[in-house]
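Reader: I have some time to go through this one with you. Could you show me the structure, and then we can talk about how the chains meet?
Author: Here it is, and we can start from a definition.

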Number of protein chains: 2
Amino acid sequence: MVSRYLAADWGSTNLRLWLVEDGIAVKNAASPFGITRMQNQSFPAVLQGLLQQMQIAQADVSRVYIAGMAGSNVGWQQANYLPCPVALNALGTSLTRVDPGWPAQAGIIPGVCVPGPDGADVMRGEETQLLGALQDTASALFILPGTHSKWARVHHDVIHSFTTVMTGELFDVLRHHSLLGRGLPAAAPHPESFDCGVMAGLAASDTMTELFSVRARYILGHLPAQQVDDYLSGLLIGSEMRDMRQRFEVSADTPVTLVGSGSLFTRYDRALHLAGIAFTTQDADTAILNGIRKIHDSLDT
Amino acid sequence: MVSRYLAADWGSTNLRLWLVEDGIAVKNAASPFGITRMQNQSFPAVLQGLLQQMQIAQADVSRVYIAGMAGSNVGWQQANYLPCPVALNALGTSLTRVDPGWPAQAGIIPGVCVPGPDGADVMRGEETQLLGALQDTASALFILPGTHSKWARVHHDVIHSFTTVMTGELFDVLRHHSLLGRGLPAAAPHPESFDCGVMAGLAASDTMTELFSVRARYILGHLPAQQVDDYLSGLLIGSEMRDMRQRFEVSADTPVTLVGSGSLFTRYDRALHLAGIAFTTQDADTAILNGIRKIHDSLDT
């Protein structure tokens, strides 16, 4: 008998779905109906609509695993946040059941939190990527770039601590809603300006107190208008590297893994090189699919 | 003969005007036509309209001094940025002439810059406040809260260096355009949350990497929704204090002066107390009026 299930990564801005048969993703699709963009549709309706688009019969799918913001307080149903330290292989035992509207067992994977108040933090979705990215039991630091990037210390399959840095969102709001972006022309990619920003971020004492220098450099003619975007992006990512490297005490022999894909992956890859941090890489989609496969296998046996 | 002139503080969001006779401000008014909100009116038209509203005859005013963003590259006419180190009593010798539309000598006061590219910075308006706030020749650090707050080291009436921190604007864009503010109810003033934020900012290693904790504290129930604003405001101002205290090597015997007014002044006053930084205060309007008076007197003699 074929082992078949749906794996969903249901985030804020989109929904991605894979049909997995015997451990292999045989079909996949993406929908723009992230939890903040559902236009009053119900969660089951969006899920069923995407299934139909993928030409998958509901009767063929008896299990659905959902990671991401669908489990938040503004999602399908609020799922737990398991407090750190949390064993990643415990994720499958804490699924929150939801009804997809056909006879299937659908479960939202719990998030993980650092209980506060000091150092309070939350993640949703990245815990599944971490579970999938684990390949050995050595002490390790994982970096997951994103709108809200995560740095997580994992030891023997246990998340001991993590920190969220809203680097991506900060870039977006500064670029589109602050004086730093006002009146700028469309950006022209400029790797040297990105590098220059990274180096400034690595050398800074604080991110916030460096931000205005971006405008000053532009006004005083040191930074062409088309290069402000890349410089600012570099400054923010470099600043993230500097503070997180210190916070997680990254040394030359710390095993660091960068989990990502696309242009954001490329930026973090470059910034880690400039910071002199050695690392290995994993593809983000592979990680989340592996994480869900591990959860499925743990329940199936 | 009466010495009479107009003093203008023409900023991004509003224009404030004083009529000064024999060193005393005898009339004042404010207009919403800051340089970013002029609705296609010309600068002379706005100035003349406000004069008319104040019932001041043009013929009675032969001198106009303008400080602030009216001298920026998107203002009335671009005025100089004098590079640090700059003697504050040199401001009056570098006015940029503009034509107000009646027979008067109108001049925009130059800004001040830190030439770059490293540490590049610019100010417009604050240099006039600094000139007015100077009362002795001791080495001193001035703090000028604002949308873009300034920390300036002044020694013997010379600005040696300064740093801009866009704390106020960062609060505004995070509150209104980022996930940190999404779905929050109207804020209820909560001094304890502000203090708690300040302490967190003073203890942080970096501002950016602390921002997400604001949302996490709220999600995990440690911070009521109505108190997020005051906590975030405190976090940002506390972070500013921490980094600037280090950057300007503030010690127990550094003479620090806080120049401000209103609610922002109150917040910085409280945060400085929490940071254990001793300081004296000056009213912001008094400072800018004194600065313009010094410029006028230097030209009049």
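Author: A salt bridge here is a side-chain nitrogen of Lys or Arg within 4 Å of a carboxyl oxygen of Asp or Glu. This is a predicted model, and across the interface of chain A and chain B that rule finds 4 salt bridges.

Reader: Which side chains meet in a salt bridge with Arg242(B)?
Author: The partner of Arg242(B) is Asp206(A), with an N to O distance of 3.0 Å. Asp206(A) is also the residue of chain A that comes closest to the rotation axis, its C-alpha lying at 2.6 Å.

Reader: What turn and shift lay chain A on chain B?
Author: A turn of 180° with a shift of 0.0 Å along the axis lays chain A on chain B, and the RMSD is then 0.1 Å. That is the relation of a two-fold axis.

Reader: And how many residues are in contact on each side?
Author: There are 50 residues of chain A in contact with 50 residues of chain B. Of the interface residues of chain A, 100% are also interface residues in chain B, so the copies meet through the same surface.

Reader: How much area is buried between chain A and chain B, and what share do carbon and sulfur atoms give?
Author: About 4,000 Å² is buried between the two chains, and carbon and sulfur atoms give 67% of that area. On the side of chain A, the residues that lose the most area to chain B are Met166(A), Met208(A) and Phe212(A), which together make up 18% of what that side buries.

Reader: What about polar contact, how many residue pairs between chain A and chain B?
Author: The count is 15 residue pairs in polar contact, with both residues at pLDDT 80 or more.

Reader: Which elements give two or more residues to the side of chain A that touches chain B?
Author: Among the strands of chain A they are strand 9 (111–114), strand 10 (121–123) and strand 13 (158–165), and among its helices they are helix 3 (167–177), helix 5 (208–219) and helix 6 (228–247). Helix 5 of chain A provides the largest share of that side, with 10 residues. By class, the side of chain A that touches chain B has 23 nonpolar, 14 polar and 13 charged residues.

Reader: Changing topic, how is chain A divided into domains?
Author: Chain A has domain 1 at residues 4–124 and domain 2 at residues 165–282. The centres of these two domains of chain A, taken over C-alpha atoms, are separated by 31 Å.

Reader: Back to salt bridges, how many does the structure hold over all chains?
Author: Over all chains the structure holds 20 salt bridges. One that lies within chain A joins the side chains of Arg267(A) and Asp230(A) at 3.0 Å, N to O. Arg267(A) belongs to helix 7 (residues 262–275) and Asp230(A) to helix 6 of chain A, so this pair ties together parts that are 37 residues apart in sequence.

Reader: Now the backbone: where is the cis peptide bond with Pro85(A)?
Author: The cis bond joins Cys84(A) and Pro85(A), with omega of about -5°, and Pro85(A) sits in the loop between strand 5 (81–83) and strand 6 (86–87) of chain A. In chain B, a cis peptide bond likewise joins Cys84(B) and Pro85(B), with omega of about -5°.

Reader: And what is the phi of Asn40(A)?
Author: Asn40(A) has a positive phi of about 65° although it is not a glycine. The loop that holds Asn40(A) runs between strand 3 (24–31) and helix 1 (43–53) of chain A.

Technical notes:
Residues numbered from 1 in each chain as written. Chains lettered and ligands numbered in written order. Predicted model: local features only at pLDDT ≥ 70, side-chain atom pairs only at ≥ 80, totals over all residues. Heavy atoms only, no water. Domains from an automatic or database assignment. Contact = heavy atoms within 4.5 Å. Buried area = accessible area lost by both parts, 1.4 Å probe. Polar contact = N/O pair within 3.5 Å; in protein donor to acceptor, adjacent residues only side chain to side chain. Helix = DSSP H or I, 4+ residues; strand = E, 2+ residues; numbered from the N terminus. Nonpolar A, V, L, I, M, F, W, Y, C, P; charged D, E, K, R; others polar. Least-squares fit on C-alpha atoms with pLDDT ≥ 70 in both.
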